Amino acid sequence: MARVSDHRTHPAAAPTPARQGTIRDANLALLYRLIVDAPAPVSRAALAAVTGMTRATASALADALLAADLVQEVSPPPATGAGRPAAGLVPSSSGPVGLGLEINVDYLAASVVDLAGRVRGTLTAHGDQRGRRPAEVLGDLAELAAQAREAADAPDPVVAGTAVAVPGLVEASRGRIRRAPNLRWEDMDIAHELRGLLPDASFDPIVGNEADFAALAEAHASREHAALTDFLYVSGEIGVGAGIVLGSELFRGARGWAGEIGHVTVEPGGASCRCGARGCLETVAGLEALRRTGPEAAANPLGRAVAGAVNLLDLPAVVLGGVYARPEFAAALLRGVEQTLAEHVVSARWAPVAVHTSQLGETAAARGAAVAVVRRIHADPAGWLEVLTEA
Ligand SMILES: [Zn+2]
């Protein structure tokens, strides 16, 4: 089951105006959490029983969530015995949605995700973004965002907020890109640039690294079957990045810059990398190298870099995503990485590392970005109620 941290302490979230947290806010969040995480509709009586709140308190809080369209009531199954079964609460399918966007080196993507975590719409626009002016790219991205919202399988959804995934180092707390070497973008206030371009949203844009958001999508999508709670997500694109998930939460490092596996040195003195160093993983396992040398040649250095992370962090699973999941590369990379991990992970004899290929396709990061917006509402429903009051 995925846990969610409070957005006020979550490094991916943009700062929000200070709000005095009250016991009611905390209870509201507790109740909403239970409804969101429950595998089946939850009755008001069950909410009171689980939380220890009085029936009246739990019911009043549930009414507040209903009024804000954060939950909806679903009919109980037909009664077979005595007594009328209670109506259950589930996350609302008509409530606010999260809009996730991705700027990648060779495509733009947009995804709309509802409060239940369902993808309601996805769009992709292919095209090389390198060397284009940021303002042009952001204009195209905003247009794609508007189209995705229009095409979403939800009538005129209210967009609660937008999160944008970028391939580079991001200072999430300030909404800035520090460096996206493959886009050749440096030190840019992308949250500010996007604010005026996007559909009406109540929250400031969240900015994050594409591999981090893709990892979040992977953790979220796995909730319903074999839950992945601790894993390394490796995203192969023109560049190579990673997202580290520990206890179902992203581990971002002290300043949010963890996961730069693409710049681990795998060939001392090797080819020069766009970051300025030589022999980085990206130079032998990025998309251009994959096309040049084939997946068999890339699998070993990729596996060695991944083995380093696994040895360091004790991770039981690895997910290969981005272009690594494309049919022409997936099988050979999976086999090669598995074999390299068996040789280089010291604990592999007793506990082999599970290697998976991502099933989410190239919109994983956009989807994860939208999930980040939705999780923000899950963690702080009172914050959303306040937005509605101010509107
Ligand atoms: Zn590098």
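These are my notebook entries on a predicted model of one protein chain.

**Entry 1. The chain as a whole**

I began with the secondary structure, and the protein chain comes to 12 helices and 15 strands. I then looked up the radius of gyration, which is 22 Å. The globule rule gives 21 Å for 391 residues, so the chain is as compact as a globular protein of that length. I also noted the extent of the C-alpha trace, which spans about 70 × 50 × 35 Å along its principal axes.

Next I turned to burial and contacts. Of the 391 residues, 54% are buried. Among contacts with a separation of 6 or more, 64% are between residues 24 or more positions apart.

For the surface, I recorded an exposed area of about 16,900 Å², of which carbon and sulfur atoms supply 53%. I noted 34 positive and 43 negative side chains in the chain. The centres of these two sets lie 3 Å apart.

**Entry 2. Helix α2**

Which residues of helix α2 are buried? In this helix, residues 44–51, I found R44, L47 and A48 to be buried. They cover an arc of only 95 degrees around the axis, which means that they sit on the same side of α2. On the other side of the helix, I found A49 and V50 exposed.

I then asked what the buried residues of α2 pack against. Their partners are two helices, α1 (23–37) and α3 (55–67), and two strands, β1 (71–74) and β2 (88–91). Just after α2, I noted that G52 takes a positive phi of about 80 degrees.

**Entry 3. A67 in helix α3**

I stayed with α3, one of the packing partners of α2, and looked up A67, which lies in that helix. Is A67 buried or exposed? Its relative accessibility is 71%, and the cut-off for exposed is over 50%, so A67 counts as exposed. I also looked up its C-alpha distance to L385, which is 9.3 Å. The two residues are 318 residues apart along the chain.

**Entry 4. H378 and P381**

I next examined H378, which lies in helix α11 (residues 364–379). Its relative accessibility is 4%, under the 20% cut-off, so H378 counts as buried. Leaving aside neighbours within four places in sequence, I listed its contacts as A29, Y32, R33, V36 and L115.

P381 is placed in helix α12 (residues 381–390). At 0% relative accessibility, P381 counts as buried. What does P381 touch, not counting residues up to four places away in sequence? I recorded L28, A29, Y32, L65 and L70. A29 and Y32 are listed for H378 and also for P381. I also looked up A217, 164 residues from P381 along the chain, and their C-alpha atoms are separated by 21 Å.

**Entry 5. Positive phi outside glycine**

I then looked at backbone angles. Most residues other than glycine have a negative phi. I therefore noted two residues that depart from this pattern.

R184 is not a glycine, yet has a positive phi of about 60 degrees. Where does R184 lie? I placed R184 in the loop between β8 (176–180) and β9 (185–188). With 56% relative accessibility, R184 counts as exposed.

D314 is likewise not a glycine, and its phi is positive at about 55 degrees. I located D314 in the loop between α9 (295–313) and β14 (317–322). D314 is exposed, with a relative accessible area of 64%.

**Entry 6. C273**

Last, I looked up C273, which is found in the loop between β13 (249–251) and α7 (281–285). Is C273 buried or exposed? Its relative accessibility is 10%, so C273 counts as buried.

Which residues is C273 in contact with, leaving aside neighbours within four places in sequence? I found H263, C280, E282 and T283. I also recorded the separation of C273 and G262, which are 11 residues apart in sequence. Their C-alpha atoms are 9.7 Å apart in space.

How values were computed: Residues numbered from 1 in each chain as written. Heavy atoms only, no water. Helix = DSSP H or I, 4+ residues; strand = E, 2+ residues; numbered from the N terminus. Rg over C-alpha atoms; globule rule 2.2 N^0.38 Å. Buried < 20%, exposed > 50% of the residue type's maximum accessible area, 1.4 Å probe, protein only. Contact = heavy atoms within 4.5 Å. Areas by Shrake-Rupley, 256 points an atom, 1.4 Å probe, with all protein chains shown as cover. Lys, Arg positive; Asp, Glu negative; His and termini not counted. Charge placed at Lys NZ, Arg CZ, Asp CG, Glu CD. Arc of directions from axis to C-beta.
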